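Dear colleague,

Here is the structure I promised to pass on to you, and below it you will find my notes on what turned up when I went through it. Please keep it open beside this message as you read.

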Amino acid sequence: MKRLRVLVPTVLVLLTMPGIAHAQWSSPGGGRSYTRADIAPTGNRPAVSVSGRNVAVSWAVAKFADGASVSGYIVKRYDAGTGTPATINASCTGTIAALTCTEAAVPPGSWYYSVTPKHGAWLGTESPASPTATIASPSLTFTSATTITALPAVKAATIASFVTGETVTWRLDNPSTGTLLTGSIVPTPVPASGSSSASVTIPAATADGPHTVYAVGSSGASTASAAISVDTLPPVVSAAVIQKATGGIPGYVAQGGTYRVYASIIDPGSAITAATANVSTVTTGATASALTAGSWTISGVTYNYRSVLVTASNPLAAGSKAFTITATDSFAHTATTGGFSVIVDSTRPTATYLITANKAGGTAGLAETGDSITYVFSEPMEPESILAGWTGTGTAVTLRLLNANGGGGDRVQIWNAANTAQLPFGTVRLGSTGYTTTSINFTNSTMTISGSSITVVLGTPSGAGTTAVVSSNTRWNPSTTATDWAGNTCQNTSVNEPVPVDPEF
Amino acid sequence: MRKPRLTSVIAPVLAASLAVSAAAVAGTWSVRGVDKGTAARTLTITGHVNGMHPGMTKTLRLRIHNPFAVHVAVYVIRVHVRRGHGPNGRCAGRFLVTHPWKGVRRIPAERTRVVRVKVRLRRRAPDRCQGAQWPLTFDARSTRV
């Protein structure tokens, strides 16, 4: 019975074991189950605060839907005008774990910022743009007068919108190669506000005139400039001349004639406030003839001051007369400059002789293209008095060969290029009537002046001439309209061609 | 007289033991799948979690329904994460980390119980995983009790 008590439970246990071993469920899950990720939040619109070249950017925390804060932020800066992204500078680069950063050395301009939440590799949506942060350009402002009348000069100034921590060097006229100036800023280096007081010395060797002082920041991100004007010297008179009222060749005047004084006066440092000419050697008592500003060109030289018309004394001895120019600038620097002179010539010119020439290979006695006629005076003549605007170089005129229709033979006249106005050469009679039977116009004839002679080379004839086979005594009766360089009119005294007489042309 | 008495004791015991064993073997019929046209004969596990973000660990509450007429005890649940999809593209399932649940959870017949599993999204989950949804499948092991 004891054995049975042991056997029965054992058999029971053994029989139930297979049932336990097979009572397992290996159950796949249903498709309805899932896990869903959140999305990174949108950044909050940042606020900006500008101090000098630094922009403090701050923003509110961005959170996931469950309230968890993102681990960092990406700060970006954009050009407010174009929306172009800019390279962000130190302190705001990379992932910012805090809710603020201060970007340093921000370039001048108008910018806006954004922040983008970043969590691990996740980037949220970029925030709306911040208000615009405007960074002023670096500036240099002198707080004392910018015109310097004595050197060396220490000038007070202020700088603004420089990069924090910069030191400043000073240069004249060029920010990289200009003369290094002595200067300093207080405080130094540039504080967070970007502004300092400054002092810079303009050295003694600085030339008169406008200059630019550069304040150059050590980081290379700040350069500012300001203009100064140095004026320690009086005006400079570089040229002066007297010209007769009728214009033309300067430097000559006749007694009793009218003239103007012209001067070229410069003052690099300031304005010229007064200019006068002392021409008392030409006009009695004219010790301070006022000069007024303008622009005139005489014989290729430009002058910027001239006098009103002045009348030369009469009588006035011939010869060279000296005169001076006095000029004063804005800072009362005055200088009187001499070394200028005018020649007084009161002698009237005369006709000396007239001569014609046959061109090489031409027909003697026949006026044809290339032949010439030369008027010789007692002294150089004023081209302006012959033809307005003429300076003496080759110019086109018309030579008229006129049939005699009377005594003295055929005639020669010089007209302008358009053949509408006769030039003041007076009358030339060739002494023979054999040169033409009609009026012939030699257009495109060329007139030149050389010394006391004026030569006209015949141009294209309007008709055929005839050949004079007789020797004729040509006679020239000059015009009194033509003048010499001093404005003295030519005497009306006839002259014959030099002997021996011969056919003209 | 002694022999009949022994037989009268052992025979019912053996019969009972065999019946229990048979019933245990019969409990394996619901191992897999659903017999179409009939009620599901498997443990049903459901559960989801939202709002995951890199580095975050959340608890996934799994609801296990026992459709059987007998009590069962679940002792292992494995969670399988499939490739997820989201507005930014695909996100591999390996970025979502789970560990098997192990223990003993008794579920009465036709009742539902909850077990909790930790789910963690790896910190290095790429940006394209934002908003992704990973399908989960479960593999549970249980025993009848």
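Please bear in mind that this is a predicted model. I begin with chain B, whose secondary structure amounts to one helix and ten strands. If you follow the chain from its N terminus, the order of the elements is α-β-β-β-β-β-β-β-β-β-β, so the helix comes before the strands, as helices and strands are numbered from that end. Chain B has 145 residues, of which 26% are buried, and among its contacts with a separation of 6 or more, 74% link residues that stand 24 or more positions apart.

In chain A, I looked at several individual places, beginning with A86(A), which belongs to strand β6, a strand that covers residues 85-86. Is this residue buried, or is it partly exposed? A86(A) counts as partly exposed, because it has 16 C-beta neighbours inside 10 Å, whereas a buried residue would need 20 or more. Once its neighbours within four places in sequence are left aside, A86(A) is in contact with R77(A), Y78(A), D79(A) and W111(A). With W111(A), the separation along the chain is 25 residues, and the two C-alpha atoms are 8.9 Å apart.

Two residues of chain A that are not glycine have a positive phi, and it is instructive to read them side by side. For A105(A) the angle is about 55°, and this residue sits in the loop that runs between β8 (100-103) and β9 (109-119). For S299(A) phi is near 50°, and its place is in the loop between β24 (289-298) and β25 (301-307). Which of the two words, buried or exposed, applies to A105(A)? A105(A) is buried, because 23 other C-beta atoms lie within 10 Å, while S299(A) counts as exposed, because it has 11 C-beta neighbours inside 10 Å.

Finally, there are cis peptide bonds to look at in chain A. One of them joins V186(A) and P187(A), with omega at about -5°, and P187(A) is located in the loop between β16 (179-186) and β17 (196-202). Another joins V499(A) and P500(A), where omega is also about -5°, and P500(A) is found in the segment that follows β37 (495-496).

With best wishes

Technical notes
Residues are numbered from 1 along each chain as its sequence is written. Chains are lettered from A and ligands numbered from 1 in the order in which they are written. This is a predicted model: local features need pLDDT of at least 70, side-chain atom pairs count only at pLDDT 80 or more; totals for chains, interfaces and linings use all residues. Helices (H or I, at least four residues) and strands (E, at least two) are DSSP runs, numbered from the N terminus. A residue is buried if 20 or more other C-beta atoms lie within 10 Å of its own, exposed if 12 or fewer, and partly exposed in between; C-beta atoms are placed from the backbone. Two residues are in contact if their C-beta atoms, placed from the backbone, lie within 7 Å.
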